[in-house]
Amino acid sequence: MDYVQEVLAGVIAKNPAQPEFHQAVREVLESLRPVIERNEEEYRRNALLERLTTPDRLIQFRVSWVDDKGQVQVNNGYRVQYNNAIGPYKGGLRFHPSVNQGIIKFLGFEQIFKNSLTGLPIGGGKGGADFDPKGKSDREIMAFCQSFMTELYKYVGADMDVPAGDIGVGAREIGYLYGQYKRIRGVYEGVLTGKGLSYGGSLARREATGYGLLYLTEQLLKANGHSLAGKIVAVSGAGNVATYAIEKAWQLGAKPVTCSDSTGWIYDPDGIDVALLKQVKEVQRARLTEYAAARPGARYHAGKGVWSVKCDVALPCATQNELQLEDAELLAKNGCIAVAEGANMPTTLEATGYLQSHGVLFCPGKASNAGGVAVSALEMSQNSERLGWSFEEVDEQLKGIMTHIFTAMDEAAKEYGMPGNYVVGANIAGFLKVAEAMTAQGIV
């Protein structure tokens with residue numbers, strides 16, 4: 001059994017019944033083999049991989065709150081502080097019924113490499129709760145967020161751990177969380193990112209993940225002899241990432257024709273109407289059936305099926321493991337030339353392997369969806385400087401960061417003899433910086 005196999009076996013044994021976490025670790029370590037084999041003796045002696053795959057700490061806490069009927073509700077809250085070798089822990093908070101220790105650990109582990117790829121000084125972390133904000137009143141959301149932060153505040157700070165939003169945590173939730181932190185600590189600092197513009201937020205933060213996804217996709221296609229202009233794009237999701245990916249796709253000359261939510265999906269042959277999508281999802285907080293009702297040419301389909309639409313580029317922007325082997329087979333059969341992940345690990349290992357083996361360009365989320373955390377780090381910089389930058393300044397920096405990420409993973413893949421394998425390239429480029437920092441700082 002070689003070193004990678006030993007570490008994988010240890011991770012599985014020590015973290016039972018956490019398949020998403022096992023998947024994330026396996027995908028990363030297997031792709032790091034060229035680097036590990038060059039440095040196996042040193043890495044093994046220093047237990048580098050064991051330290052990398054073991055979080056600095058995992059915090060779990062009870063969140064008790066009172067609903068509108070006067071009933072006390074209890075949820076589980078989490079924060080994993082995974083690795084701070086290159087900067088303060090940084091990663092979003094997810095409020096969703098599926099949240100558990102394994103999900104949080106997979107997300108935090110991925111965040112280490114994503115944050116490293118940005119070139120900015122931020123480490124990896126993640127958090128959240130098994131709380132479902134859907135169907136809750138604003139007062140109930142506020143009650144939950146205040147109770148959540150009453151426990152979380154002990155473990156976060158502007159130079160320690162800076163959470164942001166994720167699934168189920170948008171501007172409303174960040175506002176309530178920030179207000180409670182300030183109320184308890186009595187300090188005004190950049191402890192959260194994704195804040196409102198009136199209290200320290202950054203322009204372009206809302207758009208950042210979706211815009212960044214398209215900036216990197218544009219580089220991916222360009223490097224392989226294609227152009228984004230004129231391409232048909234299939235997008236899953238209808239949240240923040242998907243909405244602004246659709247918006248930027250239009251701006252770069254492509255035509256996005258799909259979006260989806262947890263109950264079904266839309267196919268709009270004329271292209272998704274961004275203004276209508278925003279109205280339905282951001283203002284009305286309604287289902288996509290409302291989009292179809294207001295758009296005669298659009299067709300709504302219940303359940304899954306967004307990847308059955310013929311497209312040139314696919315952008316999974318919803319949730320983990322949404323694009324499975326049968327979906328990959330459909331995409332390849334229908335002539336899709338590129339898949340870039342907008343969500344965290346939305347493609348299964350089997351689907352990823354199939355796409356790569358059938359000539360479909362594939363970019364992993366730790367690279368292609370890093371725009372959100374990149375602009376979060378820029379928000380941290382603005383907070384430290386007590387300054388606010390223009391939308392154009394932030395957007396220009398975002399584009400530069402995404403271009404840097406593509407170049408770094410492209411060059412790493414070529415250096416280690418796997419040109420065009422952007423999974424390997426992204427993992428190696430992200431890992432090397434973290435490994436160097438961990439080694440320089442000793443056995444801690």
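## The E1–E2 hairpin

Two strands count as paired if DSSP finds at least two bridges between them. In this predicted model, strands E1 and E2 meet that rule with 10 bridges. E1 covers residues 57–66. E2 covers residues 72–83. The two strands run antiparallel.

Arg 62 gives one point of register: its bridge partner in E2 is Asn 76. E1 and E2 form a hairpin, with 5 residues between the strands. Gly 70 sits in that turn and has a positive phi of about 85°.

## A parallel sheet

Another set of strands builds an open sheet. It has 5 strands, in the order E7-E6-E11-E12-E13, and the pairing is parallel. Strand E7 (255–256) and strand E13 (361–363) are the edges, each pairing on one side only.

At the E13 edge, the partner is strand E12 (residues 338–340). E12 and E13 run parallel and are joined by 3 bridges. One register pair to look for is Ala 338 with Leu 361, its bridge partner in E13. In a regular strand, side chains alternate between the two faces of the sheet.

## Salt bridges

How many salt bridges does the structure hold? The count is 20. Among them is the contact between the side chains of Glu 110 and Lys 366, at 3.2 Å from N to O. This pair links distant parts of the chain, 256 residues apart. Glu 110 belongs to helix H6 (residues 101–117), and Lys 366 to helix H15 (residues 365–368). Glu 110 counts as buried because its relative accessible area of 5% is under the 20% cut-off. Lys 366 is buried too, at 1% relative accessibility.

Lys 154 and Glu 151 also meet through their side chains, at 3.1 Å from N to O. Lys 154 is partly exposed, with a relative accessible area of 45%. In another pair, Lys 278 bonds with Glu 247 in a salt bridge whose closest N and O atoms are 2.6 Å apart. These two residues link distant parts of the chain, with Lys 278 in helix H11 (residues 274–283) and Glu 247 in helix H10 (residues 240–251), 31 residues apart. Is each partner buried or partly exposed? Lys 278 counts as partly exposed at 21% relative accessibility. Glu 247 counts as buried at 15%, because the cut-off for buried is under 20%. Elsewhere, Asp 2, Glu 30 and Arg 33 are joined into one network by salt bridges that share partners.

## The cavity

The search of the whole structure finds 1 cavity of 30 Å³ or more. The largest cavity holds about 120 Å³ of space. Its lining has 13 residues. Which of them lie nearest its centre? They are Glu 27, Glu 341, Met 345, Thr 347 and Pro 364.

Three helices each supply at least two lining residues: helix H2 (19–31), helix H14 (349–357) and H15. By class, the lining has 5 nonpolar, 4 polar and 4 charged residues.

## The second largest pocket

The second largest pocket contains about 250 Å³ of space. Its lining has 14 residues, and those closest to its centre are Glu 189, Gly 190, Asn 383, Ser 384 and Arg 386. Helix H16 (residues 371–385) gives the most to this lining, with 3 residues. The lining divides into 6 nonpolar, 4 polar and 4 charged residues.

## Positive phi outside glycine

Ala 17 is not a glycine, yet its phi is positive, about 60°. Ala 17 is found in the loop between helix H1 (3–14) and H2. Ala 17 counts as exposed because its relative accessible area of 77% is over the 50% cut-off.

Arg 285 is another residue other than glycine with a positive phi, near 50°. Where does Arg 285 lie? Its place is the loop between H11 and helix H12 (289–294). At 54% relative accessibility, Arg 285 counts as exposed.

Methods:
Residues numbered from 1 in each chain as written. Predicted model: local features only at pLDDT ≥ 70, side-chain atom pairs only at ≥ 80, totals over all residues. Heavy atoms only, no water. Helix = DSSP H or I, 4+ residues; strand = E, 2+ residues; numbered from the N terminus. 1 Å grid on protein atoms, 1.4 Å probe; cavity = no way out; pocket = protein on both sides within 12 Å on 5 of 7 lines; lining within 4 Å. Points joined across faces, edges and corners; volume = space filled by probe spheres on them. Nonpolar A, V, L, I, M, F, W, Y, C, P; charged D, E, K, R; others polar. Salt bridge = Lys/Arg side-chain N within 4 Å of Asp/Glu carboxyl O. Buried < 20%, exposed > 50% of the residue type's maximum accessible area, 1.4 Å probe, protein only.
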